[in-house]
Amino acid sequence: MELFPQYHNGDSWIHRRDPRSKTVFFMAGVAVALAGEPKSVTFMFLVLMVHGIMARLPPARYKTAALVLSVTAVTLVVVQLIFNGVVTGLIMAGEAVLRLACFMYAFMQLVQWTHPMDLALMGVKMGVPYRFAMLPVLMVRFIPVMERELKGIFESQYARGERFDSTRQKLRGFLPVLLPLVLRSLKCGQEIALAMETKGFGYASRRTFLRDISFTAADGLWTAGMVCLSGLLITY
Amino acid sequence: MKKFWRVDTKALVGGVLLGIVFMLVQQISHRIDSLFSPAVMIMGGITWATFTALGALLFGQPSGIIVGETQALVANASGLSPVALFFFLANGLGSFSYSLVSHRLSMEKWSHHLLAQIVANLVGNACVLLGLITVLKLPPTAAIISSVITCTAGIIGATVLTKLVYDNLKRSRLLDISY
Amino acid sequence: MIKAIIKSFSYPTGNVVLRDMDIHIPAGEFVVITGTSGSGKSTLVQCLTGVIPHFIRGDLDGKVEIKGRDLSSLSLPAISRFMAYAGQEPQNQLFNLTVYEDMAFGPGNLCLSRDEIHTRVEWALNFVGGRHLAGRQPDTLSGGETQRCALASYIVMGQEVLVLDQPCRELDPEGRKMVYDNIYQLHREKCLTVVVVEDRPAELAGLAGRFLVLDDGKIVIDDEAAAFMSHYNLAELGLSPLYKSCPEHFSPSAPPKGQQKKCGADHGEPLVQVEELWFGYKGDSFLFRGLNLQVFSGEVVSLLGPNGAGKTTLAKLIGGILKPVKGVVKVNGTTGYLFQNPDQQLFGSSLWDEVAFALKRRRISPDEIEKRVNRVLEIVRLNDLAGAHPYTLSRGQRKLLALATALVMEPAILIVDEPTGGLDCRQADLVAEIFTQFSHRGGSILMISHDPDLVKALSRKAFLLHGGSLREVKPDGTFPAVS
């Protein structure tokens, strides 16, 4: 199971937008998800879906998230039914699930249609030192590496007789998995940091990037549109 | 030699990698929780508090916050934790409050770890509790009970787990680096 | 160019690791620093490059200068403008999303223009024969490709000094030759000063101009290449000879009288039986189609094949870590598994705890645990370090520790993946001896190895895995070509 939905390469109108406008779009979605009325949240969810179709993001990528959200929905429904009765409980649970779905969808979209280096460049343009701004690139790069390390650790401990079937076995096997993983991440982190510094990372306060970002008129229009829409939806 | 504020490359990079590990371990914890306590995060609470502590202990700040925010970012982007929305605030504030306590103590004793965990868990779970009530409109009673259980498990379990892991890391000499 | 006077260096634990060193390396020289595991080679180059004290803590009593500049007064990024230092793990030296971006990382940090960066990257990639890898994600590269790209990511910065710590440790002989030829070519074309740490100095005999041998933190030999290769016996120094068939290099002992173990197809049920094995990962086509294999008691069987053939996958199927899609894998007895990367299993707070872990899980009595652990630690010659944390050991020692954790279970079958990778000559000899004794006592070994000496010295049988099928080949230390 892919832990992190990687950037989905594309050439859609949305892919070509500046990361700052994509971030504003995301924040608009979050603002409505958190502060809007249910009808507004529903409308915003539809707006997000339309954008997702325009960007040609594969729906299959949301399958696992939808499954996990369903499980959460069941828990929320049960709790609300116990405390608030059937009708009110179902309405409140439904509202909560809708808000969560809207937020999750907006976030997953941002990650899938924004190149990690563009996020770094956005940070630099906003005055964040590049040493901090480039950390998301590092994160995306090493998620699959650490996932493989974890898999390797499970296999190594399995070969030593550890089993992870029952709950008791999972609990007993927790430390033999956790410790090597933390030790490895610490060691890898030091080696990576050393390699970065011996390649001049941090030598100057600025550096040359191969990519560039630019905020165009189209970005301005899209951003303004989303800000207005979210304002309307929140106040409606 | 303990520094509160560390912005060297080791701390920044280490924070990101530990944040990824944090997320991977949370996935394992959630699976354990779903088997015997689906409505309440017990293992999840323990590992949340453990990694919040480890990030602050190993890398100081702001890298401790980077550990937490990396986990929150991955959790939200992957869609594998629906309530991860609240982690941005909980992780950041939890780590910072842990640092405020741990920076003043040697962290050699169990009581030091316990005190720091109490502060971090109270702050972190308060953030999540706020979100559960105001955003998800959970009944306050249910939300408080759930948070209290998670908080208690986090304080006790993470005190033990953090000390075990931290002591192991100190013996490994991986912490003998310059900064 | 490089002037280092190191009276002593010790880590925070207090162990003095280097002492009484006075090294001068003129510009344009190619120097090999060698020695047995734990002699201080890596620590020395870390001092020469400023990694100590800027990155790694310790008590350095001495001074290191490059072109008259004291390294202690410069930061590591500043030092990187004229000196490249590449550590032992090339996979952690590529940290961007594509190989091209990794090449551009260093020049970008030096604020070069985009045009200059593109020019340098193209040159560096072409130089190492990696142009076709430019768009690839670094974690999809093979070991050899990773090493070449890591090298390119340093030389692209155009420094005058190149310092490499065991750059070819995990590569097969062909891969090592390719990388060292690249380095030598660069040294000649650009008059670079090159310092290489290498466990197998003979491989650089025709390339390097000077050899420094370390022992217990001191330089014991400092000689020109020709004199070094003719005056000293590398085996006596504990350093590997060239990779070639040399049966005298490993001298496994004969089984004790009366304990001659007969082995082979004529003698009883096989310990490992693989019948009509089909396996493929989810979403991929089948890796194996109807494989058959038998391993009998006392046999050492080598599994050969190109990268990606599925050797490790087959080993995991036999070890029970993976389950076949079709077919049968029967193993008569317990298996012990030595993984290529030993670090993935180490977590104990001491070597003793690490080795005892699996025994405690099986609720074996404390007396028996004590007996077995002490015996196994003695076999791998780590008994003096029983109380140390595994991560304080060298990589070779951690591999021996991992072998100990497999042996302590007294398995009938040992599955070993690159057992001598990262070991120095003495450690590799020890492993060969352990395997010999193991097989003489009736245990079987399934071995994946790129070490031709090891394959030739130990294997009774060898199989080539390629194209999803297995065929028996001669275990003579040569690796059959595959189309």
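**Close-up 1. A four-stranded open sheet in chain C of this predicted model.** Reading across the sheet, the strands come in the order β2-β1-β4-β5 (chain C), and the pairing is antiparallel. The edges belong to β2 (16-25) and β5 (69-70) of chain C, and since each has a single partner strand, one side of each is left without a neighbour in the sheet. Look for helix α1 (residues 41-48) of chain C too: this helix packs on the sheet and touches β1 (2-10), β2 and β4 of chain C. The direction of helix α1 of chain C makes about 125 degrees with that of β1(C).

**Close-up 2. Where β4 meets β5 in chain C.** Here we zoom in on strand β4 (residues 59-66) of chain C, which runs antiparallel to β5(C) and is joined to β5(C) by two bridges. Want a pair to pick out? Ile66(C) has Arg69(C), in β5(C), as its bridge partner.

**Close-up 3. The two domains of chain C and the place where they touch.** Chain C splits into domain 1, covering 2-237, and domain 2, covering 272-473. Their C-alpha centres sit 32 Å apart. Contact between the two involves nine residues of domain 1 of chain C and eleven residues of domain 2 of chain C. On the domain 1 side of chain C, the touching residues sort into four charged, four polar and one nonpolar.

**Close-up 4. Chain A against chain C.** This view takes in 41 residues of chain A that are in contact with 47 residues of chain C. On the chain A side, helices α7 (135-159) and α9 (174-197) each supply at least two residues. The largest share of that side comes from α7(A), with 14 residues. Sorted by class, the chain A side has 23 nonpolar residues, ten charged and eight polar.

**Close-up 5. Inside the largest nonpolar core.** This core has 273 residues, and the ones with the most contacts inside it are Ile20(B), Ala404(C) and Leu446(C). Helix α4 (residues 86-113) of chain A gives the most to the core, namely 14 residues.

**Close-up 6. The surroundings of Leu446(C).** Leu446(C) is one of the residues with the most contacts inside the largest nonpolar core. Which residues does Leu446(C) touch, not counting residues up to four places away in sequence? There are three valines, Val272(C), Val295(C) and Val301(C), along with Leu303(C) and Ala315(C). The isoleucines Ile318(C), Ile413(C) and Ile415(C) complete the list.

Conventions
Residues numbered from 1 in each chain as written. Chains lettered and ligands numbered in written order. Predicted model: local features only at pLDDT ≥ 70, side-chain atom pairs only at ≥ 80, totals over all residues. Pairing = 2+ DSSP bridges. Contact = placed C-beta atoms within 7 Å. Axes fitted to C-alpha atoms, helices over the stretch in contact; angles between N-to-C directions. Domains from an automatic or database assignment. Nonpolar A, V, L, I, M, F, W, Y, C, P; charged D, E, K, R; others polar. Core = buried A, V, L, I, M, F, W, Y, C linked by C-beta atoms within 7 Å. Buried ≥ 20, exposed ≤ 12 C-beta atoms within 10 Å, placed from the backbone.
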